[in-house]
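I opened the notebook to look up how the chains touch and how some of the strands pair. My notes follow the display.

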Amino acid sequence: MDGIHDLGGMNGFGPVEVERGEPVFHEPWQARAFALNLLGIRVLKAYNVHEYRHAVERMDPAHYLAASYYERWFTGVATLLVEKGVVTRHELEARAGGGFPLSRPSASVQPGGLSQPEAARFAVGDAVVVRDIHPRGHTRVPRYVRGKRGVVVRVAPRFEFPDLAGHGLRAHREHAYHVEFPARDLWSDAAAGRETVIVDLWQSYLEAAS
Amino acid sequence: MSDRRHPIPPAPISERVRALEEALAAQRLVPAGFLEDTAAHTQEELRPENGARVVAKAWVDSAYRARLLADGTAAVAELGFRAPNSEFLVVLEDTPTLHNVIVCTQCSCTAWSVLGLPPDWYKSPEYRARVVREPRTLLAEMGLEVPEDVAVRVWDTSGETRYMVLPLRPAGTEGWSEERLAGIVTRESMIGVARLCDHPGRRNAE
């Protein structure tokens, strides 16, 4: 989905604030929220990590930007446990004594037109073009590389295709590729300096460059 | 169901977490001690000190360095570091003419086994939005001036690969023990937003 989570290259953000000696968790609830996700995935097996990522992406955009990292994390977990029928929103609101914001519903997915050959279609040094696709469901192809031409610098192993797994659907495994893009091909205002960006892209996101 | 239009003001986040825990516990879905043990294990086992040991070993042992760059997953497992979310680890080697920096623009995927859980700044919209677009400017703001003749490669963790930067060994650390070297490797240097300080005049201090 073309969501608020897909932040790469967005303008308007200010300085990065680094906290010296930062603790792993700032508040006790953060540690418990962290562990609740591992409970949902590994113990309850109620959902997978791709569905978790998608649940966070589906947060209301204003809530997403205002929330701390572990509030986003927790909202994804709570959303999935409600959607999977493990708990009800009514019970959560009653127990919390107030509103319980969850993510928006998922779009139905129609991942058509994706080819999934078992073998690696590309090799190191191949020029590729990222398909200019806009799936309404989960995807891991960032907006800033869609339609862009790059070069394969590494062939990664085969991994579950997230556009299907993110919806709890049976997902095949296919190779991913580390594709390098010159910054000046991504951003019209980039200096002509020697900067590149490497993005890890599944085979179905790519076409051979003509 | 938009949050902003939801009629009831949201309960504080700590109350929401407690509510979900209690709702699950009421159905006996939370094994005894699971939440506490998971949080404790995470903080004790998944630490940037692990990555620092990997870096130090690579600096002093050229055969290990070669194995680390060829197969990061297997090489860090030699030191006992494994995590389910970093099953394919790629180590990025800095050189005098190349600086690597990593980010996850779409969420905050990180090689937990060697970097630990990521710090807040790494997960911030500011870092995720800006480092792919203006890396030199952002790094300079964070205190790292990368000379113009040094290329910058920004690695976006958009798939299942997890990355770690192998920073340059600082000058003046010749003859240092692996343990002492590990003590100067920072998480920021393994993400690529900081360079390790040289140690002039402190040669062979051990």
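**A cross-chain strand pair**

I looked up Val199(A) and found that its bridge partner in S3(B) is Asp156(B). I noted that the model is predicted. I then checked the strands themselves: S4 of chain A, residues 195-202, is joined to S3(B) by five bridges, and the two run parallel.

**The contact between the chains**

I asked how many residues of chain B are in contact with chain A. The count is 65 residues of chain B, in contact with 69 residues of chain A. I listed the elements of chain B that give two or more residues to this side: helices H1 (13-26), H2 (34-45), H7 (120-123), H8 (125-130) and H9 (135-141), and strand S3 (151-156). Which element gives the most? I found that H1(B) does, with eleven residues. I also sorted the residues on the side of chain B that touches chain A by type, and got 33 nonpolar, 14 polar and 18 charged.

**Strand S4 of chain B**

I turned next to S4(B), residues 162-166, and asked how many of its residues are buried. The strand is mostly covered, with five of its five residues buried. I looked at which way they point: Arg162(B), Met164(B) and Leu166(B) go one way, while Tyr163(B) and Val165(B) go the other way. Residues on both sides are buried, as all of those named are.

I last looked up the pairing of S4(B) with S1(B), residues 89-93. The two strands pair in the parallel sense over five bridges. In this pair, I found Leu89(B) opposite Arg162(B) of S4(B).

How values were computed
Residues numbered from 1 in each chain as written. Chains lettered and ligands numbered in written order. Predicted model: local features only at pLDDT ≥ 70, side-chain atom pairs only at ≥ 80, totals over all residues. Contact = placed C-beta atoms within 7 Å. Helix = DSSP H or I, 4+ residues; strand = E, 2+ residues; numbered from the N terminus. Nonpolar A, V, L, I, M, F, W, Y, C, P; charged D, E, K, R; others polar. Pairing = 2+ DSSP bridges. Buried ≥ 20, exposed ≤ 12 C-beta atoms within 10 Å, placed from the backbone.
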